[in-house]
Amino acid sequence: MNLRIGITFGDCAGIGPEIVRAALESKSLPAAAEYVVIGKYPDCSLGKPTLETARAAAAALEEVVTLARRGEIDAIVTGPIHKARMYEAGFKFPGQTEFFADRCGVKNFAMCLTGGKITVALVTTHIALSEVPRALKQSEIVRVGLLLADFLRCRSLKLDDTGNLTALSSQVPKIDRPVAGGSRIAVAGLNPHAGESGKIGREEIEIIAPAITKLNQSVLTCHQSPSVFTGPHSPDTVFHRAVEGEFDAVVCMYHDQGLIPLKLHAFHSGVNVTLGLPFPRTSPDHGTAFEIAGKGIAHPDSMTAAITLAAELAQARTSS
């Protein structure tokens with residue numbers, strides 16, 4: 001039986017509809033899946049979001065999560081939304097990540113982005129930078145690190161050699177150089193030079209390093225093929241080291257610490273993944289791009305990669 005992947009346009013006044021259509025028409029998606037566009041979208045002027053387009057985007061999210069919870073679809077791919085209009089329409093969540101966690105009753109979730117040779121997971125997300133040091137907790141680093149290790153383990157599973165999913169995974173390459181059967185995960189420091197031995201911040205000593213010790217203790221009991229966590233690493237070099245192949249992923253302390261290098265490295269092919277849900281959920285790593293909607297210049301690569309990864313993760317779940 002083919003997998004069913006549910007896809008939403010997001011705000012239909014943006015580039016969501018055209019990049020979804022381009023991805024579906026590209027013939028580069030895994031053939032062992034059925035792709036279904038979810039939602040009813042109004043006629044609108046491209047580039048001009050309205051309350052109506054925002055309400056349609058919100059309704060599509062409600063419909064697609066209901067279908068996934070019923071088991072009628074195996075994974076979700078969401079198009080970009082316009083948060084300001086969504087808030088005006090009554091959307092009460094910081095983003096789609098938090099929406100899906102709430103609707104699934106999941107407390108243990110995290111935001112992960114992957115593209116090219118960089119994969120990152122975020123310990124803190126949509127909060128002011130000034131609030132990050134107070135929000136940083138050992139337990140949160142451990143929680144996000146374990147979710148990331150599980151994601152990497154899922155991606156590394158061998159799929160059916162007779163199917164098409166493995167052959168078409170070049171846009172989101174699997175981990176192929178694990179340590180001791182697991183993955184090599186770097187944990188970034190918070191401060192410049194990872195605190196310089198406490199001279200420019202003690203978070204690395206008092207919070208991050210103990211969390212890494214706890215992570216390495218925890219994975220030994222969680223997985224047959226444990227991941228190896230190292231750090232705290234200086235944030236100004238850790239992403240270069242990941243691109244060079246030293247690490248399979250990086251645990252980042254705050255939003256832009258992870259997203260700036262990811263988008264610099266793989267802006268057109270990055271994928272946002274919500275970790276911890278009972279089903280795979282992915283999305284492109286960019287926004288609505290109203291200014292170019294309908295001009296035929298939007299890149300569908302990130303949406304194509306998001307759909308491909310959703311199908312692969314769904315297949316890995318059914319194969320494991």
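How far apart are the mean positions of the positive and negative charges of the protein? They are 3 Å apart, taken over 31 positive and 32 negative charges. Lys and Arg count as positive and Asp and Glu as negative, leaving out His and the chain ends; each charge is placed at NZ of Lys, CZ of Arg, CG of Asp or CD of Glu.

This is a predicted model, in which local features need pLDDT of at least 70 and side-chain atom pairs pLDDT 80 or more, while totals for chains, interfaces and linings use all residues. Residues are numbered from 1 along each chain as its sequence is written, and side-chain values use heavy atoms, without hydrogens or water.

**View 1. The fold has 10 helices and 10 strands.** These are DSSP runs numbered from the N terminus (helices: H or I, at least four residues; strands: E, at least two). Along the principal axes, the C-alpha trace spans about 60 × 50 × 35 Å.

**View 2. The interior holds 52% of the 320 residues as buried ones.** Buried means under 20% relative accessible area with a 1.4 Å probe, counting protein chains only. Of contacts (heavy atoms within 4.5 Å) between residues at least 6 apart in sequence, 75% join residues at least 24 apart.

**View 3. Here is arginine 184, in strand 6 (residues 184–188).** Arginine 184 is buried, at 13% relative accessible area. A polar atom of its side chain lies 3.0 Å from the backbone oxygen of glycine 245.

Definitions and conventions: Buried < 20%, exposed > 50% of the residue type's maximum accessible area, 1.4 Å probe, protein only. Polar contact = N/O pair within 3.5 Å; in protein donor to acceptor, adjacent residues only side chain to side chain.
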